[in-house]
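Subject: A structure for you to look at

Hello,

Here is the structure I promised to pass on. Please open it beside this email, and then read on for what turned up.

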Amino acid sequence: MADPTARQDAPPASDSPDSPDASESPDASDSLDSPDSLDDDASPAAASLAFRELLRGLRVWDTELPSFDPAQAPAEPLPLFRQWLREAAEAGVPEPHTMTLATADAAGAPSVRTLMLHDADERGWHFGTHRGSRKGRELAARPRAALGFYWAAVGRQIRIRGTVTAADPAESAADLHRRSPGALAAALVGHQSEVLGSLEELAHASDAAWERARREPDAPVPSWTLYVLRAEEIEFFQGDARRRHVRLNYRYEGGHWEKELLWP
Ligand SMILES: Cc1cc2nc3c(=O)[nH]c(=O)nc-3n(C[C@H](O)[C@H](O)[C@H](O)COP(=O)(O)O)c2cc1C
C-alpha cells in the first residue's frame, strides 16, 4: 500500500523534462515590455505571448511526492480510494472531496462540472444534484458517467467510470437533510441550469431559501436527487518528479476486480 511518508527525491529543476528551455524562449524584448503585458490594455500579440510564458513558467510535480507501490495495492479499489482521499486531506489539499463529473447528452456530446462527493461505499460513489439540471437530464438519457479527482499536493489523480443510478426520494431527502443549512438553502433555490434573468432574481430566491432552510430544516426539495455511480473501472495515478508516473487500473470483470499497470 502507498506510504505517504516515503518521499522520492525530486530531480534538480534543470533535469525537469518540462523545464522551459531558455534557448526556445522567444525574444520577448520587442513585444513584452513588462509583466503588465497580461493587462487587458496590452496588444493582443503581447497578451498572448505573456499568457503562454505564464503557462510555461508554471510547474507540476515540482515537489516531494509520496511513493506508491502497486504491488501492495489491495484487491479491491474502494479501500485504496478512501486511503488516498484521507491522505490528500492530511496533506492539506483544499477540498479533496470535490471531483469532476463527466456526463454526455443523448448525441454523445460531453460536459463536465465540479461536484461534492457525499460518500464512497460498496454501492459506489455518491453525489447529489437536481434531476432537472443538465447533468440530471443527461444521466436520465444516458446513465453512464465518469468522475475525476486531482490532488496536486500529493501528485495523485483518480478516475472512475461506471453506471449511475438514482436513489429513491426518501434516501435522497435523508442525504440532503444530513448536510449543512447552506446545502439545503442552495437546493431550495432550485432552477439549476435554467437561464437566469438577473442577479437580483437570484438574490431574492436565495434570501427566501436561506430563510426557509433556517425555519424548516427538513424542507422537501423534490428535484434533489442522490445518485450513485457503480464503478466498472478505477485508475490510480501517482505522479513522479521524473515523470515515471505509476498508473494502476482496476477493471471489474466476471464478478471480481482485475488489476493492471498502464504506461504513463
Ligand atoms: C466546489 C464545487 C462544488 C460543487 N458541488 C455541487 C454539488 O454537490 N451538486 C451540484 O448540483 N452542483 C455542485 N456544484 C455546481 C456544479 O459545478 C454545476 O455548476 C451545477 O451543478 C450545474 O451543472 P450542470 O448545468 O452541468 O447540471 C459545485 C461547484 C463547485 C465549484
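Let's start with the ligand in this predicted model. The shell around the ligand holds 15 residues, and the closest of them are Arg113, Thr129, Ser133, Arg134 and Ser193. Three elements each give two or more residues to that shell: strand 4 (110-116), strand 6 (124-130) and helix 3 (134-141). Strand 4 gives the most, with five residues. What kinds of residue make up the shell around the ligand? Eight are polar, four are charged and three are nonpolar.

Next, try finding Ala231, which sits in strand 9 (residues 224-238). Is Ala231 buried or exposed? The cut-off for a buried residue is 20 or more other C-beta atoms within 10 Å of its own. Ala231 has 21 within that distance, so it counts as buried. Leaving aside residues up to four places away in sequence, Ala231 touches Pro77, Gly124, Trp125, Ile160, Gly162 and Tyr252. It is also worth finding Arg123: 108 residues separate Ala231 from Arg123 in sequence, yet their C-alpha atoms are 8.7 Å apart in space.

Now go to the end of the numbering of the strands. Strand 10 (residues 246-253) and strand 11 run antiparallel and are joined by seven bridges. One pair to look for is Asn249 with its bridge partner in strand 11, Glu260. The two strands form a hairpin with two residues between them, and Gly254 in the turn has a positive phi of about 60 degrees. Why does strand 11 (residues 256-262) lie largely in the open? It has seven residues and the number buried is zero, so there is little to hide it.

Stepping back to the whole chain, you can count six helices and eleven strands. Of the 264 residues in the chain, 24% are buried. Among contacts with a separation of 6 or more, 64% are between residues 24 or more positions apart.

Finally, a word on confidence. The chain has a mean pLDDT of 88, and 85% of its residues reach 70 or more. Over residues 1-34, however, the pLDDT is below 50, although this stretch has 42 contacts in the model beyond near neighbours in sequence. Where pLDDT is low, the predicted coordinates should not be read in detail.

Enjoy exploring, and write back with any questions.

Best wishes

Methods
Residues are numbered from 1 along each chain as its sequence is written. This is a predicted model: local features need pLDDT of at least 70, side-chain atom pairs count only at pLDDT 80 or more; totals for chains, interfaces and linings use all residues. A residue is near a molecule or strand if its C-beta atom, placed from the backbone, lies within 6 Å of it. Helices (H or I, at least four residues) and strands (E, at least two) are DSSP runs, numbered from the N terminus. Ala, Val, Leu, Ile, Met, Phe, Trp, Tyr, Cys and Pro count as nonpolar, Asp, Glu, Lys and Arg as charged, and the others, Gly among them, as polar. A residue is buried if 20 or more other C-beta atoms lie within 10 Å of its own, exposed if 12 or fewer, and partly exposed in between; C-beta atoms are placed from the backbone. Two strands pair if DSSP finds at least two bridges between them. Two residues are in contact if their C-beta atoms, placed from the backbone, lie within 7 Å. pLDDT is the predictor's confidence in each residue, from 0 to 100.
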